Amino acid sequence: MRAFGLFLLTILFAVTGPSQVAAQDTPTFGTSLSLTFVDETGLTDMNGAVLDLCHLTRDRSLLGQGVWVTSNGYVLAPNQCLSDDYFTLTGLQLVQAQADGDIAAVVPAAPEMTETQIIDRARGYTFMALVGGVFVLLGLIAFVILRRRSAVRRYYESLAAEEEAGAAA
């Protein structure tokens, strides 16, 4: 039983320990916004800085693992999306910018999830399945232990009843 507990503890540290997740600055619990570079544009902000087209996503995490990623559409941000400041871009504004030639016409109307975002989501699902499997396994172990204790108690109760019946006869 100690080996099993040690095994579970090792898995817990391996899954929640520092890894690539720490480098991505993913919160332990909650949500965060992230920008992914899509394409360069011909647009500038009020200071003359070139704005790039970015995909804004809301990332939900549990124990540092990405569990769900939601697309919040396109935004414009400076410095190839390595900024905390951004300007929202509606679908109509996107179409107008494509018509003006400021944004490439090949950019889809709705942003698509990148391979990294899909892998992050799959990793979160794998983590949740692992945690669920551990809970199911612990439940089964508890069930077996309680059932065995009940069987032992019934056995000793039947022995005591037989002894009482033998002593009375």
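**Warm-up**

Strand E3 is mostly covered, with ten of its 14 residues buried. Here "buried" is under 20% relative accessible area, "exposed" is over 50%, and "partly exposed" lies in between, using a 1.4 Å probe and protein chains only. Helices (H or I, at least four residues) and strands (E, at least two) are DSSP runs, numbered from the N terminus.

This is a predicted model, where local features need pLDDT of at least 70, side-chain atom pairs count only at pLDDT 80 or more, and totals for chains, interfaces and linings use all residues. Residues are numbered from 1 along each chain as its sequence is written, and side-chain values use heavy atoms, with hydrogens and water left out.

**Exercise 1. Work out in what order the four strands sit in the sheet, and which strands stand at the edges.**

Step 1. Get the pairing rule straight: two strands pair if DSSP finds at least two bridges between them.

Step 2. Go through the pairs. E1 and E2 are antiparallel over twelve bridges; one of their links puts Phe29 with Leu62 in E2. E2 (residues 50-62) and E3 (residues 65-78) are antiparallel too, over eleven bridges. E3 and E4 also run antiparallel, joined by two bridges.

Step 3. Put it together: the sheet is open, in the order E1-E2-E3-E4. E1 (29-44) and E4 (87-88) stand at the edges with a single partner strand each, so one side of each has no neighbour in the sheet.

**Exercise 2. Find the residues with a positive phi in the two hairpins.**

Step 1. Look between E1 and E2, where the hairpin has five residues between the strands: Gly48 takes a positive phi near 90 degrees.

Step 2. Move on to E2 and E3, whose hairpin has two residues between them: Leu63 in the turn has a positive phi of about 55 degrees.

**Exercise 3. Track down the disulfide and say what its handedness is.**

Step 1. Use the cut-off: a disulfide is a pair of cysteine sulfur atoms within 2.5 Å. The structure holds one, and it joins Cys54 to Cys81 at an S to S distance of 1.8 Å.

Step 2. Place the two ends. Cys54 is in strand E2 and Cys81 is in the loop between E3 and E4, 27 residues apart, so to speak a link between distant parts of the chain.

Step 3. Check the torsion about the S-S bond: about -95 degrees, so the disulfide is left-handed.

Step 4. Check the cover. Cys54 is buried at a relative accessible area of 0%, and Cys81 counts as buried at 6%.

Step 5. See who sits beside Cys54: its bridge partner in E3 is Val75, and Val75 in turn has Thr88 as its bridge partner in E4.

**Exercise 4. List the residues of the largest nonpolar core.**

Step 1. Recall that a nonpolar core is a set of buried Ala, Val, Leu, Ile, Met, Phe, Trp, Tyr and Cys residues joined through side-chain atoms within 4.5 Å.

Step 2. Name the nine members: Leu51, Leu53, Tyr74, Leu76, Leu89, Leu94, Ala97, Ile103 and Val107.

Step 3. Sort them by element: E2, E3 and helix H3 (91-100) each give two or more residues to this core. Within it, Leu53 stands opposite Leu76 in E3.

Step 4. Don't miss the second, separate core of six residues, which includes Leu35, Val75, Ala77 and Cys81.
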